[in-house]
Amino acid sequence: MDCAVSIRNLHKTYANGFSALKGIDLDVQQGDFFALLGPNGAGKSTTIGILCSLVRKTSGSVKIFGLDIDSHFAEARKHIGVVPQEFNFSQFEKVFDIIATQAGYYGMPAALARQRTEHYMKQLDLWDKRDVPARMLSGGMKRRLMIARALVHEPKLLILDEPTAGVDIELRRSMWEFLQEINRAGTSIILTTHYLEEAENLCRNIAIINKGSIIENTSIKALIKTLDRETFVLDLHAPVTALPALPGFQVKQTDAQVLEVEVRRGTDLNELFALLTEQGIRITSMRNKANRLEELFVTLLNRDDSTKPGAAA
Amino acid sequence: MSAYETWIAFCTILVKEIRRFTRIWVQTLLPPAITMGLYFVIFGKLIGSRIGEMGGFSYMEFVVPGLIMMSVLTNAYSNVVSSFYSNKFQRSIEEQLIAPIPNWVILAGYVAGGVARGLCVGVIVTFLSLFFTRLQVQHPLLMIAIVLLTAILFSLAGLINAVYAKSFDDISIIPTFVLTPLTYLGGVFYSINLLPPFWQALSQANPILYMVNAFRYGVLGISDVNIGFAFGMILFFIVIAGGYAMHLLRSGRGLRS
């Protein structure tokens, strides 16, 4: 079975000489929910831009469901729906018209286009706003409009570039549910996001891109397994004047009543509490310092940066 | 895309363009009607009555075809340049760029939109002119062909301008500093036979002269230029502008990184 996306030795150098992609290879299986992560300027949007033909690659090959985007551009594009990072619809057109017009661009007859538009608008709670000019929508509604527009031609691959940026938590959760639903229905999804919790909750596989190169490409589960330590933040009942001695743990005091303790994977947390209790330190609450994936992400980026030539300079 | 799907994509762009200029009719259809109405009153009735005949026709009869053509070409140009640039500015052009639409269909869709507005305004101005004079069209097919070809040419020019434009100022530079002077000096208001030989010769380098005169020939049956040559020239410019516009879309200049 062909991959939903197959990228080989993809390079992109912009006119100003900036090398955004330095020969990346990437496969996204059909039906996958795939996360593409990386810091700002890492090459995520360039990769997505090339997939949907808004960015011209310098060299390399890209296939969408086995169709080369150069030699079979029309067929390949039919399979892709894109939700970009920034709003890219006419602010003056009515919401219904924006989505139905997009269906027309894919050669869909008017009756079917209207039917599909109504279907996706209702699914995304936009139907009440069908006659409203797009500029009148809230930020969250605009995001949903772009999702409905990307789905109206029922693509086999949906690409979402930070779809929940600036969206409130409730709406983000409902968007997650919707995306999981369409993924279960068979749509392959590629997601870029800065919310690592989002990637951890939604995606099965992940690629991390940094400075134009893929530095990790594995399943989320396998990646999480590589996490060998976690940092816990402990809120203390009373202030401590000196750093407590906690053999086997790395401890840092960030405030008179707050300790950060790094715990190795497999360590018995009871040992930690016992040591603290011995020293008369009472804990009122405890939490993870960061999302697990976030810690890995930072670790991988730091490792990648330190292995780059000139990193020590 | 199949031929049927391609046709739907073309119609979608065209309908979107028509919807746009009719939605903002106060900015697109009303101003040329008012401007041309004023031209008819001032140049045709008030001043025209003192000018006398031109080319064997009353000044009003002479000036009407030129003014119709002037409104067609400026509106065809304005429609495409403002719509395409606005889509670029709002990035909604990406809706078309990511879809499986061939570049020539995108080009044809915008040009058809420009032609539609040009013709709409042309019809409005023609009806308006009937309040001032009687139009007895001598060569209707030729008149229609010229007006269509001119609208196509200026729509193509509008698209080229929009591709290069980087700000809203850039889309008004060509109409203000190139199109308007060429139109006013293109025989809309006078016959070039009235000019001294040097200015006559210079006027013949103005492509708008040929369009205005060919249209006037279609309506009144008189022209300062050879009609066959005028047709050939308009077609030549369409091929050049069309080829260049396709090159720009294919190269993705200002549209794809």
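This is a short tour of a predicted model, with stops in chain A and at two pockets.

**Stop 1: chain A as a whole**

Start by selecting chain A and colouring it by secondary structure. You should find ten helices and 14 strands. Turn the chain around a bit: its C-alpha trace spans about 75 × 50 × 40 Å along the principal axes. Of the 313 residues here, 50% are buried. There's also plenty of long-range contact to look for. Take the contacts in chain A between residues at least 6 apart in sequence, and 68% of them join residues at least 24 apart.

**Stop 2: A:A4**

Now pick A:A4, which sits in the segment before strand 1 (5-13) of chain A. Is A:A4 buried or exposed? A:A4 counts as buried because its relative accessibility is 0%, and the cut-off for buried is under 20%.

So who surrounds this residue? Setting aside neighbours within four places in sequence, A:A4 touches A:V28, A:Q29, A:Q30, A:K63, A:I64, A:F65, A:L157 and A:S188. Show those as sticks. Then draw a distance line from the C-alpha of A:A4 to the C-alpha of A:D32: you'll get 8.4 Å, for two residues 28 apart along the chain.

**Stop 3: helix 4 of chain A**

Next, select residues 110-123 of chain A, which is helix 4. This helix has 14 residues and reaches 20 Å from first C-alpha to last, close to the 20 Å expected at 1.5 Å a residue.

Which residues of helix 4 of chain A are buried? They are A:A113, A:R116, A:T117, A:Y120 and A:M121. Colour them and look down the axis: they cover an arc of only 130 degrees, which puts them on the same side of helix 4 of chain A. Their spacing fits a general rule. An α-helix has 3.6 residues a turn, so residues three or four places apart point the same way.

What do the buried residues pack against? Show helix 3 (95-105) and helix 5 (139-151) of chain A, and you have their packing partners. Then flip to the face turned away from the buried side, where you'll meet the exposed residues A:A111 and A:Q115. Before you leave, step just past the end of helix 4 of chain A to A:D125, which takes a positive phi of about 55 degrees.

**Stop 4: the largest pocket**

Over to chain B. Select B:Q27, B:T28, B:S78, B:S82 and B:R117: of the 35 residues lining the largest pocket, these lie nearest its centre. Five helices of chain B each give two or more residues to this lining: helix 1 (3-23), helix 2 (25-28), helix 3 (30-51), helix 4 (59-90) and helix 8 (170-184). Helix 4 of chain B gives the most, with twelve residues. The pocket's volume is about 700 Å³. Colour the lining by class and you'll see 13 nonpolar, 15 polar and seven charged residues.

**Stop 5: the second largest pocket**

Last one! The second largest pocket holds about 530 Å³ of space. Select A:L54, A:V55, B:R91, B:E94 and B:S257, the closest to its centre among 23 lining residues. Helix 1 (44-51) of chain A and helix 5 (93-97) of chain B are the elements giving two or more residues to this lining. The largest share, four residues, comes from helix 1 of chain A. By class, the lining of this second pocket has ten nonpolar, seven polar and six charged residues.

Definitions and conventions: Residues are numbered from 1 along each chain as its sequence is written. Chains are lettered from A and ligands numbered from 1 in the order in which they are written. This is a predicted model: local features need pLDDT of at least 70, side-chain atom pairs count only at pLDDT 80 or more; totals for chains, interfaces and linings use all residues. Side-chain values use heavy atoms; hydrogens and water are left out. The expected span of a helix is 1.5 Å times one less than its number of residues. Buried means under 20% relative accessible area, exposed over 50%, partly exposed in between (1.4 Å probe, protein chains only). The arc is that of the directions from the helix axis to the C-beta atoms. Contact means heavy atoms within 4.5 Å. On a 1 Å grid over the protein atoms alone, a cavity is a set of points where a 1.4 Å probe fits but cannot get out, and a pocket is an open set with protein on both sides within 12 Å along at least five of seven lines; lining residues have an atom within 4 Å of a point. Grid points are joined across faces, edges and corners, and a volume is the space filled by probe spheres set on the points. Ala, Val, Leu, Ile, Met, Phe, Trp, Tyr, Cys and Pro count as nonpolar, Asp, Glu, Lys and Arg as charged, and the others, Gly among them, as polar.
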